Amino acid sequence: MDAEIKNFIKVWITAITSLCYCYYIVARIPRGMIRLFFLLPVFYLFTMLPCNLNSFHLGGSTAFFLGWLGNFKLLLFAFDQGPLSPPLPKLLHFISIACLPIKLKQDPPPNTKNNKNPSHKNTPKSHNPTKVPRSMLLVIKILFLSMIICAYDYRPNLHSYVILVLYCCNTYLVGEIILALAAAPVQAIFGFKIEPQFNEPYLATSLQDFWGHRWNLMVTSILRPTIYIPIRRISANVIGSRWATLPAIISTFIVSGLAHEVTWFFVLHGICTAVEVVVKKAVTNKWQLHRAISGPLTIGFVVVTSFWLFFPQLIRNGMDQKAIKEYSILAHFVKVNLPLQLHLDKS
């Protein structure tokens, strides 16, 4: 584990050095294809660096931060778009925004309170509908994740479907906790106002709501300008604006699937989300499911399809065993070092 921590530090020193190159050199190159050319070595580095890590959690989070978020943000940066667009922030701000899962909260435009635009009807009104402080919710989720980790000790006695349900909860909780903890130091040091990365996805009432407004919103905000909008614009010239959103939605999900290595899960959800958009346009003013029905149907569909197409791939690759083993190592580390630290504090 010590060797893995050293590799982790080396990977991130290399990544930060690469971003300094982007800040001091690439930013001075005219936007467009020339700047994109000078970013190619960084794209390669950010894609390959996570391969130096064997840990499921360290390697997976680094691959997401660098190979996914970092590369897409720098792709937008090549054309002066996205969160790194001018005016160029300070160096430490640039590095933080480029490689961490943070989206700065934008000040609402004037008269937002009086804005009655009907296009906002399907957007969740609050990131915290229960009015519980987000810090308290995070603590509750950490405790819930701890209970799931403890339950893995009894895996031989659990039904396979129960284990898959635990994996579903684990995936959501680990994702939200890691992203929140990664963003917290930057928020504390620089005083950034940061958008939440998740918006209680278990409250989703449709696939469009789940993927577009609740699940891993950092990815949504990156894929929209890099994949969805360009594909929709091209499709509008070919098949008309009425149907242009459908290939844009499906293409966005395909790109996401290729990055996750569980392509068919995302292809299926892309097709179903596109169909859902068409159906909602046709029947919204005539008939609509109550959220008490649409909510369980949505979450049920996500869970069942993950049983079918998402987790089997990870299980075949032994990723679940690797993750559970790392939980055991972490638990042992805490048991050994926490009492020692408490003893030193008393001394």
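This is a short tour of a predicted model, going from the whole chain to single helices and then to a few residues in loops.

**The whole chain**

Start with the protein chain coloured by secondary structure. There are 12 helices and 0 strands. Read from the N terminus, the elements run α-α-α-α-α-α-α-α-α-α-α-α. The chain has 347 residues, and 38% of them count as buried. Now consider contacts in the chain with a separation of 6 or more: residues 24 or more positions apart account for 72% of these.

**Helices α1 and α3**

Select residues 2-24, which form helix α1, and residues 56-77, which form helix α3. Two packed helices are described by the angle between their axes and by the distance between the axes. Here the axes come within 12 Å and cross at roughly 5°. Angles under 35 degrees count as roughly parallel, and α1 and α3 are therefore roughly parallel to each other.

Show the side chains where the two helices touch. On α1, select E4, I5, F8, V11, W12, A15, L19 and C22; on α3, select L58, T62, F65, L66, L74 and F77. Sorted by class, the contact of α1 with α3 has 12 nonpolar, 1 polar and 1 charged residues.

**The loop after α3**

Move on to P86 and P87. The peptide bond between them is cis, with omega near 0°. P87 sits in the loop between α3 and α4, the latter being residues 91-99. Most peptide bonds are trans, and most residues other than glycine have a negative phi. The second half of that rule matters at two later stops.

**Helix α6**

Select residues 160-190, helix α6. How far apart are its end C-alpha atoms? They are 45 Å apart, which agrees with the 45 Å that 31 residues should span at 1.5 Å a residue. Even so, look along the helix for A183, where α6 has a kink of about 25°. The proline P185 comes shortly after the kink. Just past the end of α6, G191 takes a positive phi of about 70°.

**Two loop residues**

Next, select E200, in the loop between α6 and α7. Its phi is near 45°, a positive value in a residue other than glycine. Is E200 buried or exposed? Its relative accessible area is 5%, and the cut-off for buried is under 20%, so E200 is buried.

Go further along to N216, in the loop between α7 and α8. N216 is not a glycine either, but has a positive phi of about 45°. Its relative accessibility is 13%, so N216 also counts as buried.

**Helix α8**

Select residues 217-239, helix α8. A straight helix of 23 residues would span 33 Å at 1.5 Å a residue, but α8 spans only 29 Å between its end C-alpha atoms. Where does α8 bend? The bend is at R224, by about 55°, and a proline, P225, follows within four residues.

Now show the buried residues of α8: L217, M218, V219, S221, I222, L223, T226, I227, Y228 and S235. These pack against α3, α7 (207-214) and α9 (245-260). Add those three helices to the view to see what surrounds the buried residues of α8.

The last stop is G240, just after α8, where phi is positive at about 95°.

Technical notes. Residues numbered from 1 in each chain as written. Predicted model: local features only at pLDDT ≥ 70, side-chain atom pairs only at ≥ 80, totals over all residues. Heavy atoms only, no water. Axes fitted to C-alpha atoms, helices over the stretch in contact; angles between N-to-C directions. Parallel < 35°, antiparallel > 145°, perpendicular 65-115°, else oblique. Contact = heavy atoms within 4.5 Å. Nonpolar A, V, L, I, M, F, W, Y, C, P; charged D, E, K, R; others polar. Expected span 1.5 Å × (residues − 1). Bend = angle between axes of the 7 residues up to and from the residue. Buried < 20%, exposed > 50% of the residue type's maximum accessible area, 1.4 Å probe, protein only.
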